[in-house]
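Reader: I would like a close look at one part of this protein, the helix that carries a buried glycine, and then at how the rest of the chain is arranged. Please keep to what the model shows.

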Amino acid sequence: MALAGSAGLELVSGVTLLRPEEAMFDAMLRGWRAQQKSRGLRDETVEDREKLIRRFHEYTDEFPWQWSPAHMDEWSAYLTSERHLAPSTIRAYQGDVRLFTEFLIDARYGWVSACEEEFGTFPVAICHEWNTRVHLNDYEGSPEARPFTRAELQRFLDYADDQVERAVRSGRKGALAAYRDATIFKTIYGWGLRRTETSKLDLVDWGRNPKAPHFGRYGILNVRYGKAKRGQPPRRRNVLSVMDWAVEAVADYVENVRPRFGYPDHPALWLTERGGRVKPSEINARFVAYRDALGLPKELTPHSERHAYVTHLTEDGVDRRFIQQQVGHECDSSTAIYTHVSDDFMNTALTRALAPAFAGGRGGDGE
């Protein structure tokens with residue numbers, strides 16, 4: 001049987017095409033789409049990859065059976081020097097092109113022979129070790145990115161609370177939204193969440209933790225839209241509540257503020273005044289407004305709260321494996337790059353580490 005996405009299933013035989021090159025290219029993309037769908041990849045992933053391949057085609061102004069490693073060299077230089085894209089983004093783009101060309105040159109799908117018969121040439125591998133980026137570092141983000149310090153975080157959350165009080169005193173319409181946003185920022189830090197994870201929370205995502213009954217119905221948070229592996233559905237995880245004040249803030253919002261938005265049947269935890277769900281971009285916009293009003297460094301982003309969650313729990317002596325599970329990291333190395341412990345913590349840790357060496361007097365061995 002022909003494999004999903006093979007040339008034999010996508011090409012129409014015995015028909016003269018007015019634009020055979022474009023028809024072949026479209027058939028290739030249809031085939032690749034079918035092959036990816038057969039692997040269970042998400043529609044969004046498949047569509048994004050196809051758009052990327054079409055952009056590469058537009059850049060080269062050539063069809064896949066005319067592509068060469070030189071095209072990849074030129075495109076990569078363009079992404080770096082003119083688009084100024086992050087290394088991880090460039091590597092992901094190169095990976096998509098690699099996947100597409102590997103699909104085309106796989107003899108089981110028949111595209112090589114189809115192109116050779118139609119055009120006298122065929123697709124070749126254009127992505128190699130010498131012209132694509134290799135993932136060498138666990139962290140490839142901006143070196144300026146960092147977590148909140150405890151003092152910065154306190155200032156930020158206090159300012160968010162102040163906006164609620166100001167709105168109430170002035171009788172402005174935005175008091176409910178200001179209270180909601182203040183609680184959103186407390187939730188991001190209190191459970192170490194990403195923006196998208198936060199925006200997609202529903203009321204039903206809270207649950208009881210029998211090991212921590214004092215948190216009531218807010219003992220566990222079921223995160224259903226965690227960061228997905230490439231092409232896969234969002235990953236789920238349960239995050240245990242560990243901060244009393246954060247639980248109190250969410251409980252107060254759910255019980256006393258959210259009902260005043262007037263949409264009792266809406267599942268979302270964070271509602272807009274028009275009955276919609278708060279979007280990640282809206283969280284970011286309010287964050288930037290508060291950060292800039294306080295004159296805090298622009299390196300701080302909503303993700304800095306998640307970094308701070310990992311850092312502060314580490315400083316407080318919480319087990320590293322527990323933190324790793326809380327934030328949904330598969331590898332401890334991912335958690336490690338989130339951790340930026342303070343100088344005080346490092347000095348204390350160093351003192352503890354060296355204490356045995358100096359126990360019993362000079363020389364560390366008691367002699």
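Author: What follows starts with that helix and then moves outward through the chain.

The model is a predicted one. The protein chain averages a pLDDT of 86, and 84% of the residues score at least 70. The chain has 15 helices and three strands, and 41% of its 367 residues count as buried. Among contacts with a separation of 6 or more, 62% are between residues 24 or more positions apart.

The helix in question is H8, residues 175-191, and Gly190 is found in it. Gly190 counts as buried because its relative accessibility is 1%, under the 20% cut-off. Leaving aside neighbours within four places in sequence, Gly190 is in contact with Val242, Met243, Ala246 and Tyr309. For one of these partners a backbone distance can be given: the C-alpha atoms of Gly190 and Val242 are separated by 7.6 Å, and the two residues are 52 apart along the chain.

Helix H8 also holds Asp181. With a relative accessible area of 6%, Asp181 is buried. The side chain of Asp181 makes a polar contact with that of Arg286, at 2.8 Å. Arg286 falls within the range of helix H11 (280-294).

The loop between helix H10 (244-257) and helix H11 contains Thr272. Thr272 is buried as well, at 16% relative accessibility. A polar atom of the Thr272 side chain lies 2.8 Å from the backbone nitrogen of Gly276. Beyond four places in sequence, the contacts of Thr272 are Arg180, Phe261, Tyr263, Arg277, Val278 and Glu282. Arg180 lies within the residue range of H8, and Glu282 within that of H11.

Next come the strands. They form an open sheet in the order S1-S2-S3, with antiparallel pairing. Strand S1 (206-207) and strand S3 (235-240) are the edge strands, each pairing on one side only. S1 is joined to strand S2 (residues 220-226) by two bridges, and the two run antiparallel. Trp206 has Leu221 in S2 as its bridge partner. In general, strands of a sheet pair through backbone hydrogen bonds, either parallel or antiparallel.

Earlier in the chain is helix H6, residues 111-119, whose buried residues are Trp111, Ala114 and Cys115. These residues lie on the same side of H6, because they cover an arc of only 95° around the axis. What covers the buried residues of H6 includes helix H1 (7-10), helix H2 (20-38) and H5. Just after H6, Gly120 takes a positive phi of about 80°.

Cys115 has a relative accessible area of 0%, and so it is buried. Cys127 also counts as buried, at 7% relative accessibility. How many disulfides does a search of the whole structure find? The search finds zero. A disulfide would require a pair of cysteine sulfur atoms within 2.5 Å, so no pair of cysteines in this model meets that cut-off.

Two loop residues have backbone angles worth a look. Most residues other than glycine have a negative phi. Asp61 is not a glycine, yet has a positive phi of about 60°. Asp61 is in the loop between helix H3 (43-60) and helix H4 (69-81), and at 65% relative accessibility counts as exposed. His84 is the other case, with a positive phi near 55°. The loop between H4 and helix H5 (87-105) is the place of His84. His84 is exposed too, with a relative accessible area of 60%.

Last, two stretches carry low confidence. Over residues 136-140, pLDDT stays under 50, and the model has nine contacts for them beyond four places in sequence. Over residues 349-367, pLDDT also stays under 50, with eight such contacts in the model.

To return to the helix you asked about: H8 holds the buried Gly190, in contact with residues including Val242 and Tyr309. H8 also holds the buried Asp181, whose side chain has a polar contact with the side chain of Arg286.

Definitions and conventions
Residues numbered from 1 in each chain as written. Heavy atoms only, no water. Buried < 20%, exposed > 50% of the residue type's maximum accessible area, 1.4 Å probe, protein only. Helix = DSSP H or I, 4+ residues; strand = E, 2+ residues; numbered from the N terminus. Pairing = 2+ DSSP bridges. Contact = heavy atoms within 4.5 Å. Arc of directions from axis to C-beta. Polar contact = N/O pair within 3.5 Å; in protein donor to acceptor, adjacent residues only side chain to side chain. pLDDT = per-residue confidence, 0-100.
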